[in-house]
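Thanks for making the time this morning; I would like to take you through one structure, beginning with its pockets and ending with its core. Please have the sequence and the model open while I talk.

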Amino acid sequence: MILSLTYYQSPIAQMTIISDKDGIYLLEFEGRKNLEKDISSLLRNKNATLVEKETIFSAQLKEELHQYFAGKLQTFKTPLHILGSPFQKEVWETLLKIPFGETKSYQDQAKLFGNEKAVRAIASANGKNRLAIIIPCHRVINKNGELGGYGGGIDRKRWLLHHEKLFLNYKSV
């Protein structure tokens with residue numbers, strides 16, 4: 001199997017995109033802790049090699065990212081390959097329920113998940129999300145209002161939350 005690698009220059013950092021002819025596997029900020037390890041794991045698990053090449057879906061995602069950063073898009077439509085355990089996938093589904101421009105605490109996310117005692121496990125699953133911005137783990141904060149962790153870095157999380165609040169009332173395309 002061959003997976004394609006390309007890059008997108010966002011306003012806050014370059015992003016790595018890995019895709020194939022069916023969708024996106026990974027969207028991450030350059031410099032993210034464990035990015036190389038995550039890419040190696042993906043290649044090993046898919047028995048794949050990586051080539052630098054644009055795909056129809058990486059091109060679509062770049063256009064959607066351009067619209068997102070311009071404040072004109074709130075929901076991504078590019079097909080995704082969501083790889084993770086059944087628990088992780090369920091947790092990530094709860095992230096998709098957090099509206100654009102809003103935040104929820106890890107405890108709120110645990111309630112959405114249906115298990116208020118699973119806060120730490122949910123936070124851990126959030127950290128394993130490999131589809132930054134699309135699956136919006138940046139919208140989860142500590143219950144005291146502090147930003148908490150973010151694999152892409154706290155400054156990027158702060159920027160993304162501020163960006164979304166600026167464009168909250170804009171209708172998604």
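**Pockets and core**

Let me begin with the second largest pocket, whose lining residues divide into 11 nonpolar, two polar and one charged. Please keep in mind that this is a predicted model. The space in this second largest pocket comes to about 220 Å³, and of the 14 residues that line it, Gln74, Thr75, Phe76, Leu96 and Ile134 are the closest to its centre.

The largest pocket, in turn, holds about 360 Å³ of space, and it is lined by 16 residues, with Ser41, Leu83, Gly84, Lys128 and Arg130 lying nearest its centre. Strand 3, helix 1 (35-45) and helix 3 are the elements that give two or more residues to that lining, and helix 1 gives the most, with four residues. By class, the lining of the largest pocket has seven nonpolar, six polar and three charged residues.

Now to the interior, where Phe76, which we met beside the second largest pocket, appears again: in the largest nonpolar core, which has 34 residues, Phe29, Leu61, Leu65, Tyr68, Phe76 and Ile133 touch the most other members. Among the elements that each supply at least two residues of this core are strand 2 (14-20), strand 3 (23-29) and helix 2 (56-69), and the largest share, five residues, comes from helix 2.

If we set aside residues up to four places away in sequence, Ile133 touches Met15, Phe29, Leu65, Tyr68, Phe69, Phe76, His138 and Leu160. Apart from this core lies another, of 10 residues, including Leu3, Ile39, Leu43 and Ala48.

Notes. Residues numbered from 1 in each chain as written. Predicted model: local features only at pLDDT ≥ 70, side-chain atom pairs only at ≥ 80, totals over all residues. Heavy atoms only, no water. Core = buried A, V, L, I, M, F, W, Y, C linked by side-chain atoms within 4.5 Å. Buried < 20%, exposed > 50% of the residue type's maximum accessible area, 1.4 Å probe, protein only. Contact = heavy atoms within 4.5 Å. 1 Å grid on protein atoms, 1.4 Å probe; cavity = no way out; pocket = protein on both sides within 12 Å on 5 of 7 lines; lining within 4 Å. Points joined across faces, edges and corners; volume = space filled by probe spheres on them. Nonpolar A, V, L, I, M, F, W, Y, C, P; charged D, E, K, R; others polar.
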